[in-house]
Amino acid sequence: MSTDMMNAKVQELRELKRMAAELADEISGIEDAIKAEMQARETDTLAGADWKVTWKAVTSNRLDTTALKKELPDIAARFMKQTAARRFVLA
């Protein structure tokens, strides 16, 4: 791929990322408006003709690895799994 083609691809990628960020902000704003309405109605479920929205509390249990490493470092080290990945960054 030529330098000019690469420049065009990077510019296109930057523009698409900007558009995605704008869409994410717009989506978040609409979600917040729906949540506010649900709070005002004091409900965790809304439904329409072809849609249903739920906003409920969810409880999950996760391992506190920081505390485990602090309290039982030998055990934590035995169960560590190293992974490798490649990170793509556009600057």
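How many salt bridges does the count come to in this chain? The count comes to four, and three of the pairs are walked through below: K9 with E12, R18 with E15, and E22 with R18. Keep in mind that this is a predicted model. The chain holds three helices and two strands, and the helix that gets most of the attention here is α1, which covers residues 3-41.

**Overall build**

- Going along the sequence, the elements come in the order α-β-β-α-α. The chain's radius of gyration is 23 Å, well over the 12 Å that the globule rule gives for 91 residues, so the chain is more spread out than a compact globule.
- If you lay the C-alpha trace along its principal axes, it spans about 55 × 50 × 20 Å.
- Just 3% of the 91 residues count as buried.
- About 8,900 Å² of the chain is exposed, and carbon and sulfur atoms supply 53% of that area.

**Helix α1, end to end**

- α1 runs for 39 residues and reaches 57 Å from its first C-alpha to its last, close to the 57 Å expected at 1.5 Å a residue.
- For a sense of scale inside this helix, take M5 and G29, both residues of α1. They sit 24 residues apart in sequence, and their C-alpha atoms are 36 Å apart in space.
- G29 is partly exposed, with a relative accessible area of 38%.
- Right after the helix comes E42, which has a positive phi, near 55°.

**Salt bridges along α1**

- Some background first: side chains of opposite charge can pair when their charged atoms come close. An α-helix has 3.6 residues a turn, so residues three or four places apart point the same way.
- K9 pairs with E12, and their closest N and O atoms are 4.0 Å apart. The two are three residues apart in α1, so about one helical turn separates them.
- Neither end of that pair is buried: K9 is partly exposed at 46% relative accessibility, and E12 is partly exposed at 43%.
- R18 meets E15 in a salt bridge with an N to O distance of 2.3 Å. Here too the spacing is three residues in α1, or about one helical turn.
- R18 also meets E22, this time at 2.2 Å, N to O. E22 and R18 are four residues apart in α1, which again is about one turn of the helix.
- Put those two pairs together and you get a network of salt bridges linking E15, R18 and E22.
- Every member of the network is partly exposed: R18 has a relative accessible area of 38%, E15 has 35%, and E22 has 45%.

**A nonpolar patch with three methionines**

- M1, M5 and M6 make a nonpolar surface patch of about 350 Å².
- One of these residues, M5, is found in helix α1. M5 has a relative accessible area of 49%, so M5 counts as partly exposed, the limit for exposed being over 50%.

**M38, a buried spot in α1**

- Is M38 buried or exposed? At 1% relative accessibility, M38 counts as buried, and this residue lies in helix α1.
- What does M38 touch, leaving aside its neighbours within four places in sequence? The contacts are T43, D44, T45, L46, V53, T54 and W55.
- V53 is 15 residues away from M38 along the chain, yet the C-alpha atoms of the two are separated by 9.4 Å.

**The far end of the chain**

- A91 is found in the segment that comes after α3 (73-78).
- With 85% relative accessibility, A91 counts as exposed.
- A91 and R14 are 77 residues apart along the chain, but their C-alpha atoms are separated by 9.5 Å.

**To take away**

- The chain as a whole is more spread out than a compact globule, with 3% of its residues counting as buried.
- In α1, look for the network of E15, R18 and E22, and for M38, which counts as buried.

Key: Residues numbered from 1 in each chain as written. Predicted model: local features only at pLDDT ≥ 70, side-chain atom pairs only at ≥ 80, totals over all residues. Heavy atoms only, no water. Salt bridge = Lys/Arg side-chain N within 4 Å of Asp/Glu carboxyl O. Buried < 20%, exposed > 50% of the residue type's maximum accessible area, 1.4 Å probe, protein only. Expected span 1.5 Å × (residues − 1). Patch = residues over 30% accessible without salt bridge, like charges linked within 9 Å, V, L, I, M, F, W, Y side chains within 5 Å. Areas by Shrake-Rupley, 256 points an atom, 1.4 Å probe, with all protein chains shown as cover. Rg over C-alpha atoms; globule rule 2.2 N^0.38 Å. Contact = heavy atoms within 4.5 Å.
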